[in-house]
2 protein chains.
Amino acid sequence: MYAVLIDAPEAEAARATAFWSAALGVTAEPFTPQPQFTTLHEALPGLVTAVQAVDDAPRIHLDFETDDVEAETARLLALGAERISQWQECQVLRVPGGHVVCVLPVETDPETFRAQANVWP
Amino acid sequence: MYAVLIDAPEAEAARATAFWSAALGVTAEPFTPQPQFTTLHEALPGLVTAVQAVDDAPRIHLDFETDDVEAETARLLALGAERISQWQECQVLRVPGGHVVCVLPVETDPETFRAQANVWP
């Protein structure tokens, strides 16, 4: 598990970022390469936490990080998930219960990833 | 920050629990005192993670743990949150951006709570 994303409608994303930054007592840093993301620095232990401005309803979603997006996506589909869309290299899935998750390629530094990742048979 | 709650509609809660347990490779344990909760054991680092069966749409929400529910609620209201409802000793709030959070009394053992909690002026 890589990240907790707080998806906020675009018009409210700045207010949402200000709230979460103050509520959790952490700094908010724009993620320059992709301006829809604002990172909440060390908001949750061991997880990236960010506000994402979206053209959609408010939602919180979780990101699965993997060194094999297709295999991990196939694993989650076999567990009952459904593919919704693709965004860059990320697969967006709806999982049993109705929640949205993303499966994305390794973002963590490779050594940390190898040390912490689950290996699926 | 105490917990990540995966709120699933009642009819899908068992499927959601089975999915998350297998997807994260963790055991799912019913929380006997309140059967709507199923704990996903050590699913996320340093956070309680649970599936909650709800009579509502799917949602993921975050729980704020505090030794003073009224003061913490007042702090979050001052940051722009709105009170939605009360459930037992927990205050349910809608925060800027539209997400739901709960403010609940200390559940962690008191020593750990004191060591890890933020103190707000």
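Here a trainee and a mentor talk through the terms used for this predicted model.

Mentor: A word on conventions: residues are numbered from 1 along each chain as its sequence is written, and chains are lettered from A and ligands numbered from 1 in the order in which they are written. The model is predicted, with local features needing pLDDT of at least 70, side-chain atom pairs counting only at pLDDT 80 or more, and totals for chains, interfaces and linings using all residues, while side-chain values use heavy atoms and leave out hydrogens and water.

Trainee: What makes the relation of chain B to chain A that of a two-fold axis?

Mentor: Copies are superposed by least squares on the C-alpha atoms of residues with pLDDT of at least 70 in both. Chain B then lies on chain A with an RMSD of 0.0 Å, after a turn of 180° and a shift of 0.0 Å along the axis. That is the relation of a two-fold axis. In chain B, the C-alpha nearest the axis belongs to Ile60(B), 2.8 Å from it.

Trainee: How do you know that the copies meet through the same surface?

Mentor: Contact means heavy atoms within 4.5 Å, and 36 residues from chain B and 36 residues from chain A take part. Of the interface residues of chain B, 100% are also interface residues in chain A, so the copies meet through the same surface.

Trainee: How much area is buried between chain B and chain A?

Mentor: Buried area is the accessible area (1.4 Å probe) that two parts lose on being put together, summed over both. Here the value is about 2,900 Å², with carbon and sulfur atoms giving 75%. Phe19(B), Ile60(B) and His99(B) supply 22% of the area that chain B buries against chain A, more than any other three residues.

Trainee: How many salt bridges does the rule find across this interface?

Mentor: The rule asks for a side-chain nitrogen of Lys or Arg within 4 Å of a carboxyl oxygen of Asp or Glu. Across the interface of chain B and chain A, zero pairs meet it, whereas the whole structure has six salt bridges over all chains.

Trainee: Why is the pair Arg83(A) and Glu70(A) called a salt bridge?

Mentor: Their side chains meet at 3.9 Å, N to O, and the cut-off is within 4 Å, so the pair counts. Arg83(A) lies in strand 6 (residues 82-87) of chain A and Glu70(A) in helix 2 (residues 69-78) of chain A, 13 residues apart. Helices (H or I, at least four residues) and strands (E, at least two) are DSSP runs, numbered from the N terminus.

Trainee: Why is Arg83(A) called partly exposed?

Mentor: Buried means under 20% relative accessible area, exposed over 50%, and partly exposed in between (1.4 Å probe, protein chains only). Arg83(A) is at 44% relative accessibility, so it counts as partly exposed. Glu70(A), at 45%, is therefore partly exposed too.

Trainee: Which salt bridge does Arg75(A) form?

Mentor: Its partner is Glu72(A), with the closest N and O atoms 2.8 Å apart. Both lie in helix 2 of chain A, three residues apart, about one turn of the helix, and both are buried.

Trainee: What makes strand 1 of chain B mostly covered?

Mentor: Seven of its seven residues (3-9) are buried. Ala3(B), Leu5(B), Asp7(B) and Pro9(B) point one way, and Val4(B), Ile6(B) and Ala8(B) the other way. In a regular strand the side chains alternate between the two faces of the sheet.

Trainee: How do you know that strand 1 of chain B pairs with strand 4 of chain B?

Mentor: Two strands pair if DSSP finds at least two bridges between them. Seven bridges join strand 1 to strand 4 (residues 48-54) of chain B, running parallel. Ala8(B), for one, has Ala53(B) as its bridge partner.
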